[in-house]
Amino acid sequence: MEKKLEKYAVLNNKGGVGKSTIAVNIAHGLAIAGKKVLLIDMDGQNDASLFLGFNQEDYKNSLYDIIVKHEDTCISDCIIKARDNLDLLPSRYVDRINEELYKEPSIRSFFNDKFKGLEKLNYDYVIVDCGPQRCKINDAVLYFVDGIIVPVQVEAASVRAIGNIYEYLFDLHLDQSMISLVVPNMFDKRTSDGKENMEFMKEFFSDTDILTAPIHRRIKITESGKMGKTVFECDEESSKQFEHIVERLVSIHGSKGC
């Protein structure tokens, strides 16, 4: 049976929710589980690349070259090996890429066209780390992926903003079922605010099975990213919090008969 490529955007329209941390650690967790993974860094801050230990001096080609240089550069020219089973497609000049997209008459098939040959590279998963705003590049990503992983910081302002992602999908004429997982992040069970917001999220998503167990606030998670490493390389206890998300994604994949 031909292997089915699953593509997920890690997206929230609110910044500071730990989006890149979630993307990097899920991607590495899938790789450790034996899946072949491509992580695409589409956040202008390049945090996903930095959290894996790469800066702009470490690569020549990037997403920008694929989009702006058109047929001169293909996706395989820009991919770098990050870990066993985990590759990285880094980015530069995300603002310029966004400007380029405004020139396109239609963006529905934009990344499918630009990433020709991706299916032949034998990946199981593509994880796209998106920037925290509504913009053309994120619009195009949402037309490209199969599902969305939504990190939500367990604090009042972030929880109240959950509805924004549904509005975003509605405006793009995409189905809300694209939201595959909602990941409560930076949860502090010691505070009444944290517990109240966690209970609100449970109630809000009570009719679905998309809410995962929370990622608890841990200094080791923050420190690992600053060192250019994942939690799987730094702290076994923290890594266990991401394993259940990896298991959920593998289960979703398996339920589709892949």
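Author: In what follows, Ala, Val, Leu, Ile, Met, Phe, Trp, Tyr, Cys and Pro count as nonpolar, Asp, Glu, Lys and Arg count as charged, and the others, Gly among them, count as polar. With those classes, the lining of the largest pocket holds 7 nonpolar, 9 polar and 6 charged residues. Please keep in mind that this is a predicted model.

Reader: What makes up the largest pocket, and which residues are the closest to its centre?

Author: The largest pocket encloses about 370 Å³ of space. It is lined by 22 residues, and those closest to its centre are Val17, Gly18, Lys19, Thr21 and Met186. Two or more lining residues come from each of α1 (19-32), α2 (47-51) and α10 (219-226).

Reader: Why is the pair Asp43 and Lys19 called a salt bridge?

Author: The name requires a side-chain nitrogen of Lys or Arg within 4 Å of a carboxyl oxygen of Asp or Glu. The closest N and O atoms of Asp43 and Lys19 are 3.0 Å apart, so the pair meets that cut-off. Asp43 sits in the loop between β2 (37-42) and α2, while Lys19 belongs to helix α1, and this pair links distant parts of the chain, 24 residues apart. Both Asp43 and Lys19 are buried, and together with Asp129 they are linked in a network of salt bridges. A search of the whole structure finds 10 salt bridges.

Reader: How do you know that the pair Arg83 and Glu233 ties together parts that are 150 residues apart in sequence?

Author: The salt bridge itself rests on a distance of 2.6 Å between the closest N and O atoms of Arg83 and Glu233, which is within the 4 Å cut-off. Arg83 is found in strand β3 (residues 80-83) and Glu233 in helix α11 (residues 231-234), so the bridge joins parts that are 150 residues apart in sequence.

Reader: Why is Arg83 called buried, and why is Glu233 called partly exposed?

Author: Buried means under 20% relative accessible area, exposed means over 50%, and partly exposed lies in between. Arg83 has 14% relative accessibility, so Arg83 counts as buried. Glu233 has 36% relative accessibility, a value in between the two cut-offs, and therefore Glu233 counts as partly exposed.

Reader: What about the salt bridge of Glu100 with Lys103: are these residues buried or exposed?

Author: The closest N and O atoms of Glu100 and Lys103 are 3.5 Å apart, which again is within 4 Å. Glu100 has a relative accessible area of 15%, under the 20% cut-off, so Glu100 is buried. Lys103 has 63% relative accessibility, over the 50% cut-off, so Lys103 is exposed.

Reader: How do you know that the buried residues of α8 are on the same side?

Author: In helix α8 (residues 163-171), the residues Ile165, Tyr168 and Leu169 are buried. They cover an arc of only 95° around the axis, which means that they are on the same side of α8. An α-helix has 3.6 residues a turn, so residues three or four places apart point the same way. The buried residues of α8 pack against α6 (136-144), β6 (147-153) and β7 (179-185). Just after α8, His173 takes a positive phi of about 60°.

Reader: Which phi does Asn46 have, and why is Asn46 called buried?

Author: Asn46 has a positive phi of about 60° although it is not a glycine, and its place is in the loop between β2 and α2. The relative accessible area of Asn46 is 12%, under the 20% cut-off, so Asn46 is buried. Tyr93, in the loop between β4 (86-89) and α4, is not a glycine either, and has a positive phi of about 55°. Tyr93 has 40% relative accessibility, in between 20% and 50%, so Tyr93 counts as partly exposed.

Reader: What lines the largest cavity, and how do the residues of the lining divide by class?

Author: The largest cavity has a volume of about 40 Å³, and its lining is formed by Asn12, Asn13, Val150, Ala161, Ile162, Asn164 and Ile165. Val, Ala and Ile count as nonpolar and Asn as polar, and the division is 4 nonpolar, 3 polar and no charged.

Methods
Residues are numbered from 1 along each chain as its sequence is written. This is a predicted model: local features need pLDDT of at least 70, side-chain atom pairs count only at pLDDT 80 or more; totals for chains, interfaces and linings use all residues. Side-chain values use heavy atoms; hydrogens and water are left out. On a 1 Å grid over the protein atoms alone, a cavity is a set of points where a 1.4 Å probe fits but cannot get out, and a pocket is an open set with protein on both sides within 12 Å along at least five of seven lines; lining residues have an atom within 4 Å of a point. Grid points are joined across faces, edges and corners, and a volume is the space filled by probe spheres set on the points. Helices (H or I, at least four residues) and strands (E, at least two) are DSSP runs, numbered from the N terminus. Buried means under 20% relative accessible area, exposed over 50%, partly exposed in between (1.4 Å probe, protein chains only). The arc is that of the directions from the helix axis to the C-beta atoms. Contact means heavy atoms within 4.5 Å.
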